[in-house]
Each structure stands twice: as C-alpha cells, then as structure tokens.
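Let's take a friendly walk through this structure together, from single residues to helix packing and back to the backbone. Please keep the sequence and the 3D view open as you read.

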Amino acid sequence: MTTPLKILGLCGSLRQGSFNQAALRVAQELAPAAGLSIESADIADVPLYNEDVYAQGFPPPVERLREQIRAADGLLFVTPEYNYSIPGVLKNAIDWVSRPPEQPFAGKPAAVMGASPSTLGTARAQYHLRQSLVCLDVHFLNAPEVMIASAHTRFDAQCRLTDEPTREIIGKLLEALAAWTQRLKPA
C-alpha cells in the first residue's frame, strides 16, 4: 500500500456554516478513495498584509501556512464568490505566503472548486484565483471543473451534501488531482 499524497485544503470562507467549508469536508471524506489525505489550513488568524510587518518577518500564522504549503504534495482551493471574485481573506493569505524568500507555491499542483447559491457556482472567482496564482507558478488542474451552483439546494440544513452527482464530480476532481500531483511530483 502506498502512502497517500498530502493535499492542503485552503477554504476562502471562514464561516462554519459555509457551503464551501462543507464541500471541503466532503473532499476530505472522499480523499482516501483517490489516494489522498487532505489537511485543512486555517487562514482565519492570518493578519492583513502590511509591508511594515513583513519587513520584521513573517507573523507566526503566516509562517505556519507557508510550512503547510511547503510540506504538501498539492493544493485544493475551495472558494466562494464575493462580488465576482475571490474573498479578501483568501487573497490576503495568498499575498502573505507569496512573499520571498522561497515562496512555497512554486511548482505546486492544485485544483479548485467552489459552491455558491448563484447559478454560476463560483466560475468568476475560480477564474480570478487562477489568474492570481499563475504568476506564482501554481499548476492548476484544468478538468474536471467543480462549480457547485445553487448550493442551497445541494446541501441540507446541517450543511451535508445531499446531491449525489455533486459528490461524484468532487470524487472525479480528487482522482484527477491525485494523477496530476503524481505527474508533477519531483523524482
């Protein structure tokens, strides 16, 4: 039996009752079947980026996140869509982690998914996330795309995913992420 690939999940929603937090939990539940283990990063305590603070070194929550990303074989971003883009909390964490020296995003395989009550299911946010990370040399998986539209109809009141086709596409995304991560893994 091989060791599962280590994936770090980064969720752009801090709310406990979030559809995106729920989608990340579903991915964690389905991960072993794809040969993955998914740890969830906590970005709630990452301070607002400030160049003056950075000049004094990385705050402990940022250093912790940088180490988690460095140690991961791949990344799974789970993002809501706020005003046609990614949430500020996620962008802020990316901005902090990307600072030199040795920004840990470089060369990492990644996948993205998201859930929204809208009919587009985070399509614009996912596009912006990809744009934000291309300059950091993150290698996104192109397909399958998981944009959970009308999320309020796919999750129950306890934020459990009740829609089987959505569960299946998340499983396919994880299988593809496992293959992509193996393909890009350094020898």
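Is F155 buried or exposed? In this predicted model, F155 is buried, since its relative accessible area is 5%, and the cut-off for that label is under 20%.

**Two buried residues**

You will find F155 in the loop between β6 and α6. Setting aside neighbours within four places in sequence, the contacts of F155 are F19, A22, A23, A115, I148, R160, L161 and T162. To get a feeling for the distances, try S40: that residue is 115 residues from F155 along the chain, and their C-alpha atoms are separated by 20 Å.

G114 makes a good companion to look at. This glycine sits in strand β4 and counts as buried, at 1% relative accessibility. Which residues does G114 touch, leaving aside its neighbours within four places in sequence? They are N20, T79, G121, T122, Q126, V146, M147 and I148. I148 is therefore a shared name, being in contact with F155 and with G114. H128 lies 14 residues from G114 in sequence, with 13 Å between the two C-alpha atoms.

**How the helices pack**

Now turn to the helices. Helix α1 (residues 19-30) packs with helix α6 (residues 164-184) at an angle of about 60°, and their axes are 10 Å apart. The crossing of α1 past α6 is right-handed. On the α1 side, the contact is made by V26, A27, E29 and L30, while α6 brings R167, I170, G171 and L174. By type, the residues of this contact are 5 nonpolar, 1 polar and 2 charged.

A second pair is formed by helix α3 (residues 60-71) and α4, which pack at an angle of about 80° with their axes 10 Å apart. How are α3 and α4 oriented to each other, roughly parallel or roughly perpendicular? They are roughly perpendicular, because angles of 65 to 115 degrees fall in that class. Here V62, L65, R66 and I69 of α3 meet A93, W96 and V97 of α4. The residues of the contact of α3 with α4 comprise 6 nonpolar, no polar and 1 charged.

**Salt bridges**

Side chains of opposite charge can pair when their charged atoms come close. How many salt bridges does the count come to? The count is 7 salt bridges, and the table lists some of them, including one within α4.

| Salt bridge | N to O distance |
|---|---|
| D95 and K91 | 2.6 Å |
| D156 and R160 | 3.0 Å |
| R154 and D163 | 3.1 Å |

Take the pair in helix α4 (residues 88-97): D95 and K91 are 4 residues apart there, so about one helical turn separates them. K91 is partly exposed, at 31% relative accessibility.

For the pair of D156 and R160, the labels are easy to follow: D156 has a relative accessible area of 22% and is partly exposed, and R160 is also partly exposed, at 49%. R160 is worth a second look, as this arginine is among the contacts of F155 as well. In the bridge to D163, R154 is partly exposed, with a relative accessible area of 25%.

**Backbone features to check**

Most residues other than glycine have a negative phi, and most peptide bonds are trans. Against that background, a few places deserve a visit.

Which peptide bond leading to P101 is cis? The bond from P100 to P101 is cis, with omega near 5°, and P101 lies in the loop between α4 and β4 (109-115). The peptide bond from A143 to P144 is cis too, with omega near 5°. P144 belongs to the loop between β5 (139-140) and β6 (146-148).

Where does N83 lie? N83 is in the loop between β3 (74-78) and α4. Although N83 is not a glycine, its phi is positive, about 50°. N83 is also exposed, with a relative accessible area of 78%.

S150 is another residue other than glycine with a positive phi, near 45°. S150 is found in the loop between β6 and α6, where F155 lies too. At 22% relative accessibility, S150 counts as partly exposed, whereas F155 is buried at 5%.

Key: Residues are numbered from 1 along each chain as its sequence is written. This is a predicted model: local features need pLDDT of at least 70, side-chain atom pairs count only at pLDDT 80 or more; totals for chains, interfaces and linings use all residues. Side-chain values use heavy atoms; hydrogens and water are left out. Axes are lines fitted to C-alpha atoms, for helices over the stretch in contact, and angles run from 0 to 180 degrees between N-to-C directions. Helices (H or I, at least four residues) and strands (E, at least two) are DSSP runs, numbered from the N terminus. A crossing is left-handed if the near helix is turned anticlockwise from the far one by less than a right angle, and right-handed if clockwise. Contact means heavy atoms within 4.5 Å. Ala, Val, Leu, Ile, Met, Phe, Trp, Tyr, Cys and Pro count as nonpolar, Asp, Glu, Lys and Arg as charged, and the others, Gly among them, as polar. A salt bridge is a side-chain nitrogen of Lys or Arg within 4 Å of a carboxyl oxygen of Asp or Glu. Buried means under 20% relative accessible area, exposed over 50%, partly exposed in between (1.4 Å probe, protein chains only). Angles under 35 degrees count as roughly parallel, over 145 as roughly antiparallel, 65 to 115 as roughly perpendicular and the rest as oblique.
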